[in-house]
Amino acid sequence: MEECPSGVVNEDTFKDIYAQFFPQGDASTYAHFLFNAFDTDHNGSVSFEDFVMGLSILLRGTVQEKLIWAFNLYDINKDGFITKEVHYVLIISVNNGRSQD
């Protein structure tokens, strides 16, 4: 809780925390997409409750709830579609977060 004593993080703090898990790569783009998926009310912050609700869906939700959450993550421009171009951006962002050794 040192990074977010209030229990709320903005996108930059979220990226900093996420980057700690991928020190050898640049995970900032994928962290941006994750932040947007957890920021369900689109207020520019993720509360502890937002984060736990997202994790709860991923870990204990129905198949339908998990699919909706994943679609929301991958529909990065929020137009209701996941195009080949958007998929490419996501693949690159995931690959950039990995170590290049």
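## A loop residue to start with

Let's begin at Lys78, which sits in the loop between helix 4 and helix 5, the latter covering 84-97. Lys78 has a positive phi of about 55°, although it is not a glycine. That is worth a second look, because most residues other than glycine have a negative phi. As for how open its spot is, Lys78 counts as partly exposed because its relative accessibility is 38%. Keep in mind that everything here comes from a predicted model.

Lys78 has company. His42 also has a positive phi of about 55° and is not a glycine either. You'll find His42 in the loop between helix 2 (28-38) and strand 2. Is His42 buried or exposed? With a relative accessibility of 57%, His42 counts as exposed, since the cut-off for exposed is over 50%.

## The chain as a whole

Stepping back, how many helices and strands does the chain have? The tally is 5 helices and 2 strands. If you walk along the sequence, they come in the pattern β-α-α-β-α-α-α.

What about overall dimensions? The C-alpha atoms fill a box of roughly 40 × 35 × 25 Å along the principal axes. The radius of gyration is 14 Å, which agrees with the value near 13 Å for a compact globule of 101 residues. Of contacts between residues at least 6 apart in sequence, 47% join residues at least 24 apart.

## Surface and charge

Of the 101 residues in the chain, 27% are buried. The accessible surface comes to about 6900 Å², and carbon and sulfur atoms account for 58% of that.

Charge is lopsided in number: there are 15 negative side chains and 6 positive ones. The centres of these two sets lie 11 Å apart.

## What the record says

In an unreviewed entry, UniProt lists "domain: EF-hand" for residues 26-61 and 62-97. Take the span 26-61: its end C-alpha atoms lie 30 Å apart, and the span is 67% helix and 8% strand.

Gly25 lies in the loop between helix 1 (11-19) and helix 2. Gly25 is partly exposed, with a relative accessible area of 27%. Measuring along the chain, Gly25 and Phe48 are 23 residues apart, and in space their C-alpha atoms are separated by 26 Å.

## Strand 2 and its neighbours

Ser45 belongs to strand 2, which runs over residues 45-47. Why does Ser45 count as buried? Its relative accessibility is 16%, and buried means under 20%.

Which residues does Ser45 touch, leaving aside neighbours within four places in sequence? The contacts are Val8, Val9, Asn10, Phe35, Asp39 and Asp50. Of these, Phe35 falls in helix 2, given its range of 28-38, and Asp50 falls in helix 3, given its range of 48-60.

## Where helix 3 meets helix 4

Ile57 is in helix 3, residues 48-60, and Lys66 is in helix 4, residues 63-74. Ile57 counts as partly exposed at 26% relative accessibility, and Lys66 gets that label too, at 32%.

The two residues are in contact with each other. Setting aside neighbours within four places in sequence, Ile57 is in contact with Glu65, Lys66 and Trp69. From the other side, and not counting residues up to four places away, Lys66 touches Ile57, Leu58, Leu59 and Gly61.

Some distances help to place this pair. Ile57 and Leu67 are 10 residues apart in sequence, with 9.6 Å between their C-alpha atoms. Lys66 and Gly54 are 12 residues apart along the chain, and their C-alpha atoms are separated by 9.3 Å.

## Tyr74 in helix 4

Another residue of helix 4 is Tyr74. Tyr74 counts as partly exposed, with 31% relative accessibility. What does Tyr74 contact, beyond neighbours within four places in sequence? The list is Tyr30, Ile82, Val86 and Leu90.

Two of those partners, Val86 and Leu90, have numbers inside the 84-97 range of helix 5. Tyr74 and Val94 are 20 residues apart along the chain, and their C-alpha atoms are separated by 12 Å.

Notes
Residues are numbered from 1 along each chain as its sequence is written. This is a predicted model: local features need pLDDT of at least 70, side-chain atom pairs count only at pLDDT 80 or more; totals for chains, interfaces and linings use all residues. Side-chain values use heavy atoms; hydrogens and water are left out. Helices (H or I, at least four residues) and strands (E, at least two) are DSSP runs, numbered from the N terminus. The radius of gyration is taken over C-alpha atoms; the globule rule is 2.2 Å times the number of residues to the power 0.38. Buried means under 20% relative accessible area, exposed over 50%, partly exposed in between (1.4 Å probe, protein chains only). Contact means heavy atoms within 4.5 Å. Accessible areas come from the Shrake-Rupley method with a 1.4 Å probe; for residues, only the protein chains shown count as cover. Lys and Arg count as positive and Asp and Glu as negative; His and the chain ends are not counted. The place of a charge is taken as NZ of Lys, CZ of Arg, CG of Asp or CD of Glu. UniProt positions are given in the numbering used here, feature names are shortened, and annotations may be inferred rather than shown by experiment.
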